Every structure is written in structure tokens, then in C-alpha cells.
Amino acid sequence: QVQLVESGGGLVQAGDSLRLSCAASGLPFSRYSMGWFRQAPGKEREFVAGISWSRGTTYYADSVKARFTISRDNAKNTVYLQMNSLKPEDTAVYYCAAPSPYRGVQTTPLGYNSWGQGTQVTVSS
């Protein structure tokens, strides 16, 4: 059974940084691309960043490019999201997700089979 557990969220001020972690279990992690999504109140879940299983190629939403960095450590079965220069509009619940194995990064929620429980990120102005 696939389990994804996010951590690292919190309350910060605008301009601060946070690093989210997502620990995966129950799957051969190195064979899975991984994605980070977020959902703000009253809004749809949106793609934030993804990293491919094969070459570690990264993808970002335009709204977070140059501020967020996704990375993975296959030895630790963990994917990270380093978030710098946070803005109030980054406030949301952040989720990590895994698609089917050997599949590339998907930018829509429908492309993912497994989800974590989410971690709240709140950025005050």
C-alpha cells in the first residue's frame, strides 16, 4: 500500500522560506515521478512542481518558477519542495502525489493515483 506523508508546513511571513518533505513508502520510489500540488480555500487543486523518475527532470508552474525547487533523494524515498521568497498567495494546503510507475510528470491531479494527507502553508503579509 502506497503511503505518502508530507511535513514541513507552517506559518511564515512574506519573504521567508520553508522546505516541505514527502516521505514515501510501499512503492519502488525510484520508478515514480513525483509531484507537488496545492489547494487554497475555494480554489481547485493546482500543479506546483514535479520531478521525473528517470532523469530527475523538473517542471514548475509559472507562478513558482525561480522561487521553488523540487528535488528527490531516492535513497531516502523522499521528495522535497524548497520554497523561497514566499508570498501570501502561496498560502494553501500542499500535497505530494505519485502517478503510475514509469510515467512522466503529470500536471493535472487526474494523472496521479496516490496522495498524501497534505500540509498547511500559511504566508502572512
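## Disulfide, sheets, core and salt bridges

A search of the whole structure turns up 1 disulfide. The model is a predicted one.

**The disulfide**

Cys-22 and Cys-96 are the two partners, with their sulfur atoms 1.9 Å apart. The link is right-handed, with 50° about the S-S bond. It ties together distant parts of the chain. Cys-22 sits in strand β3 and Cys-96 in strand β9, 74 residues apart. Are the two cysteines buried or exposed? Both Cys-22 and Cys-96 are buried.

**The open sheet**

One open sheet holds 4 strands. Their order is β1-β3-β8-β7, and the pairing is antiparallel. Which strands stand at the edges? They are β1 (3–7) and β7. Each has a single partner strand, so one side of each is left without a neighbour in the sheet. From one strand to the next, the twist averages 15°.

Within this sheet, β7 and β8 run antiparallel and are joined by 6 bridges. Arg-72 has Val-79 of β8 as its bridge partner. Cys-22 also belongs here through its strand, β3, which stands between β1 and β8 in the order.

**Strand β9 and its partners**

Strand β9 holds the other cysteine, Cys-96. How many of the 7 residues of β9 are buried? The count is 6, so β9 is largely enclosed by the rest of the structure.

The table lists pairings of β9.

| Pair | Sense | Bridges |
|---|---|---|
| β4 and β9 | antiparallel | 5 bridges |
| β9 and β11 | antiparallel | 3 bridges |
| β9 and β10 (114–115) | antiparallel | 2 bridges |

Individual residues show how these pairings line up. Tyr-94 in β9 stands opposite Arg-38. Tyr-94 also has a bridge partner in β11, Thr-119. Further along, Ala-97 stands opposite Trp-115 in β10.

**The nonpolar cores**

The largest nonpolar core has 28 residues. Which members touch the most others? They are Met-34, Trp-36, Leu-81, Met-83 and Tyr-94. Tyr-94 is thus a core residue as well as a bridge partner of Thr-119.

Many strands feed this core. Those that supply at least two residues each are β3 (18–25), β4 (34–39), β5 (46–51), β7 (68–73), β8 (78–83), β9 (92–98) and β11 (119–124). Strands of the open sheet are among them, including β3, β7 and β8. So are β4 and β11, which pair with β9 over 5 bridges and 3 bridges.

Apart from this core lies another, of 5 residues. Phe-37, Ala-97, Val-105 and Tyr-112 are among its members. Ala-97 is the residue opposite Trp-115.

Met-34 shows what a well-connected core residue touches. Neighbours within four places in sequence are left aside here. Its contacts include Leu-4, Cys-22 and Phe-29. Ala-49, Gly-50 and Ile-51 are also in contact with Met-34. So are Ile-70, Arg-72 and Val-79. Ala-97 and Ala-98 complete the list. Several of these residues have appeared above. Cys-22 is one half of the disulfide. Arg-72 and Val-79 are bridge partners.

**Salt bridges**

The structure has 4 salt bridges. Three are described here.

Glu-46 and Arg-38 meet through their side chains, N to O at 2.6 Å. Their surroundings differ in exposure. Glu-46 has 36% relative accessibility and counts as partly exposed. Arg-38 is buried, at 7% relative accessible area. Arg-38 is also the residue that stands opposite Tyr-94.

Arg-67 and Asp-90 form another salt bridge, at 2.8 Å, N to O. This pair links distant parts of the chain, 23 residues apart. Arg-67 lies in the loop between β6 (58–60) and β7, and Asp-90 in the loop between β8 and β9. Both Arg-67 and Asp-90 are buried. Which residues do shared partners join into one network? They are Arg-38, Glu-46, Arg-67 and Asp-90.

Asp-62 pairs with Lys-65, the closest N and O atoms being 3.2 Å apart. Asp-62 is exposed, with a relative accessible area of 65%. Lys-65 is partly exposed, at 46% relative accessibility.

Conventions:
Residues are numbered from 1 along each chain as its sequence is written. This is a predicted model: local features need pLDDT of at least 70, side-chain atom pairs count only at pLDDT 80 or more; totals for chains, interfaces and linings use all residues. Side-chain values use heavy atoms; hydrogens and water are left out. A nonpolar core is a set of buried Ala, Val, Leu, Ile, Met, Phe, Trp, Tyr and Cys residues joined through side-chain atoms within 4.5 Å. Buried means under 20% relative accessible area, exposed over 50%, partly exposed in between (1.4 Å probe, protein chains only). Contact means heavy atoms within 4.5 Å. A disulfide is a pair of cysteine sulfur atoms within 2.5 Å. Two strands pair if DSSP finds at least two bridges between them. Axes are lines fitted to C-alpha atoms, for helices over the stretch in contact, and angles run from 0 to 180 degrees between N-to-C directions.
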